[in-house]
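Morning, everyone. I have one structure to walk through today. Please have a look at it before I start.

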Amino acid sequence: MALEHELAVYKSKLPELVAHEGKYVLIHDDKVIDVYDTYEDAIKEGYAKFGLTPFLVKQIESTEQVHFISRLLPCPTSPAK
């Protein structure tokens, strides 16, 4: 999976990062680069510093949100109606 290492760094640093809940963290390799007010600011800084090298921008949340996505299209293996 892409960015496994960066996600592990995020999880390990979360107790420190939670003071900035709602903001966005930029992580590259095993280093927290900085915390930003907006996603756009964090992404811009990530591209400016690292170009196309993988980096993680993630909103800081003390509790990870669960996202529910319903199936909007019929299942292709379902019998036609």
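Which residue in β2 does Ile 27 stand opposite? The partner is Val 32. Keep that pair in mind while I build up the rest. One caution before that: this is a predicted model.

Start with the overall layout. The protein has two helices and three strands. Along the sequence, the pattern reads α-β-β-α-β. There are 81 residues in the protein, and 26% of them count as buried. The exposed surface comes to about 6300 Å². Carbon and sulfur atoms supply 56% of that area. Now take contacts between residues at least 6 apart in sequence: 49% of these join residues at least 24 apart.

Next, the sheet. It is open, its three strands are ordered β2-β1-β3, and the pairing is antiparallel. The edge positions go to β2, residues 31-36, and β3, residues 56-59. Each has a single partner strand, so one side of each lacks a neighbour in the sheet. On average, neighbouring strands are turned by 25° against each other, direction ignored.

Now β1, residues 24-28. Five bridges join β1 to β2, antiparallel. One bridge partner to note is Val 35 in β2, which goes with Val 25. The other pair is the one I opened with, Ile 27 opposite Val 32. Two residues lie between the strands in the hairpin of β1 and β2. In that hairpin, Asp 29 takes a positive phi, near 55°.

On to the pairing with β3. β1 and β3 are also antiparallel, over four bridges. Here Leu 26 stands opposite Val 57 in β3.

Is β1 mostly covered or mostly open? Mostly covered: five of its five residues are buried. Both faces are involved. On one side sit Tyr 24, Leu 26 and His 28, and on the other Val 25 and Ile 27. As a cut-off, buried here means under 20% relative accessible area.

Now the helices. I'll take α2 before α1. Helix α2 covers residues 39-50 and lies across β1, β2 and β3. Its direction runs at about 20° to β1.

Helix α1 covers residues 4-17. How far apart are its end C-alpha atoms? The answer is 18 Å. With 14 residues at 1.5 Å a residue, the helix should span 20 Å, so the two values agree. There is a bend, though: α1 turns by about 35° at Lys 11. A proline, Pro 15, follows within four residues.

Which residues of α1 are buried? They are Glu 6, Val 9, Tyr 10, Leu 14 and Leu 17. These buried residues pack against β1, β2 and β3. So that you can place the helix relative to the strands: α2 lies across β1, β2 and β3, and the buried residues of α1 pack against those strands too.

One more residue in α1: Ala 8. Ala 8 is partly exposed, because its relative accessible area is 42%, and the partly exposed class runs between 20% and 50%. Where does Ala 8 sit with respect to Asp 30? The two are 22 residues apart in sequence. In space, C-alpha to C-alpha, they are 8.7 Å apart.

To wrap up: an open antiparallel sheet in the order β2-β1-β3, with β1 buried at five of its five residues. Happy to take questions.

Technical notes
Residues are numbered from 1 along each chain as its sequence is written. This is a predicted model: local features need pLDDT of at least 70, side-chain atom pairs count only at pLDDT 80 or more; totals for chains, interfaces and linings use all residues. Side-chain values use heavy atoms; hydrogens and water are left out. Two strands pair if DSSP finds at least two bridges between them. Axes are lines fitted to C-alpha atoms, for helices over the stretch in contact, and angles run from 0 to 180 degrees between N-to-C directions. Contact means heavy atoms within 4.5 Å. The expected span of a helix is 1.5 Å times one less than its number of residues. The bend at a residue is the angle between axes fitted to the seven residues ending there and the seven starting there. Buried means under 20% relative accessible area, exposed over 50%, partly exposed in between (1.4 Å probe, protein chains only). Accessible areas come from the Shrake-Rupley method with a 1.4 Å probe; for residues, only the protein chains shown count as cover.
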